[in-house]
Amino acid sequence: MKKDLHPKYNPVVFVDMTTGARFVSRSTKTSDKKEVIDGVEHYLISIGITSDSHPFFTGKATFVDTEGRIDKFQKRFGAPVRRAVKPKA
């Protein structure tokens, strides 16, 4: 096996910047900030969005569609022409 082939795997703490939630894990990512948890030194990494603050996971999605997709399509391309009877082939 080749020596020093794989990157170093470190204990880290990912911190959600908006909610302050902490996720203890391991990663190849490092930072200048460190924190000791249960006697183990972890790198401290700040993240903008996690499962604690993402609208999909929190159930607070605020997507508002004022017009339906079909209405937008018909407005853009016109309503389809409807035939009263099926044409004979």
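Two strands count as paired if DSSP finds at least two bridges between them, and that rule is worth holding in mind during this tour of a predicted model.

**The whole chain**

Begin with the protein chain in full, which has 2 helices and 4 strands, and follow the elements from the N terminus on, where they run β-β-β-β-α-α. Buried residues make up 16% of the 89 residues in the chain, and the accessible surface comes to about 8300 Å², of which 55% belongs to carbon and sulfur atoms. Among contacts between residues at least 6 apart in sequence, 39% join residues at least 24 apart.

**The hairpin of S3 and S4**

Next, select strand S3 (34-37) and strand S4 (40-47), together with the loop between them. The two strands run antiparallel and are joined by 4 bridges, and within this pairing lysine 34 stands opposite tyrosine 43 in S4. The hairpin has 2 residues between its strands, and there aspartate 38 takes a positive phi near 55 degrees. Most residues other than glycine have a negative phi, which is the background for pausing at this loop. Aspartate 38 is a residue other than glycine, and at 78% relative accessibility it counts as exposed, because the cut-off for that word is over 50%.

**Two salt bridges**

How many salt bridges does the model hold? The count comes to 2, and both can be found by starting from residues in or beside the hairpin just selected. Side chains of opposite charge can pair when their charged atoms come close.

For one of them, select glutamate 35 and arginine 22, which form a salt bridge with their closest N and O atoms 3.3 Å apart. Glutamate 35 lies in strand S3 and arginine 22 in strand S2 (residues 22-27), so this pair ties together parts that are 13 residues apart in sequence. Arginine 22 counts as partly exposed, at 46% relative accessibility.

For the other, select glutamate 41 and lysine 34, whose closest N and O atoms are 3.8 Å apart. Glutamate 41 is partly exposed, with a relative accessible area of 49%, and lysine 34 is likewise partly exposed, with a value of 47%.

**Strand S1 and its partner**

Now add strand S1 (10-16) to the selection. Strands S1 and S4 run parallel and are joined by 5 bridges, and here phenylalanine 14 stands opposite isoleucine 45 in S4.

Stay in S1 and pick asparagine 10: is this residue buried or exposed? Asparagine 10 is buried, with a relative accessible area of 6%. Leaving aside its neighbours within four places in sequence, asparagine 10 is in contact with Ser25, Arg26, Ser27, Thr28, Lys29, Thr30 and Tyr43, so displaying these residues together shows what surrounds it.

Then step back to aspartate 4, which is found in the segment before strand S1. Aspartate 4 has a positive phi of about 60 degrees although it is not a glycine, and at 72% relative accessibility it counts as exposed.

**Helix H2**

Finally, select helix H2 (residues 69-77), where the number of buried residues among its 9 is 0, so the helix lies largely in the open. Just after H2, move on to glycine 78, which takes a positive phi of about 90 degrees.

Conventions:
Residues numbered from 1 in each chain as written. Predicted model: local features only at pLDDT ≥ 70, side-chain atom pairs only at ≥ 80, totals over all residues. Heavy atoms only, no water. Buried < 20%, exposed > 50% of the residue type's maximum accessible area, 1.4 Å probe, protein only. Contact = heavy atoms within 4.5 Å. Areas by Shrake-Rupley, 256 points an atom, 1.4 Å probe, with all protein chains shown as cover. Salt bridge = Lys/Arg side-chain N within 4 Å of Asp/Glu carboxyl O.
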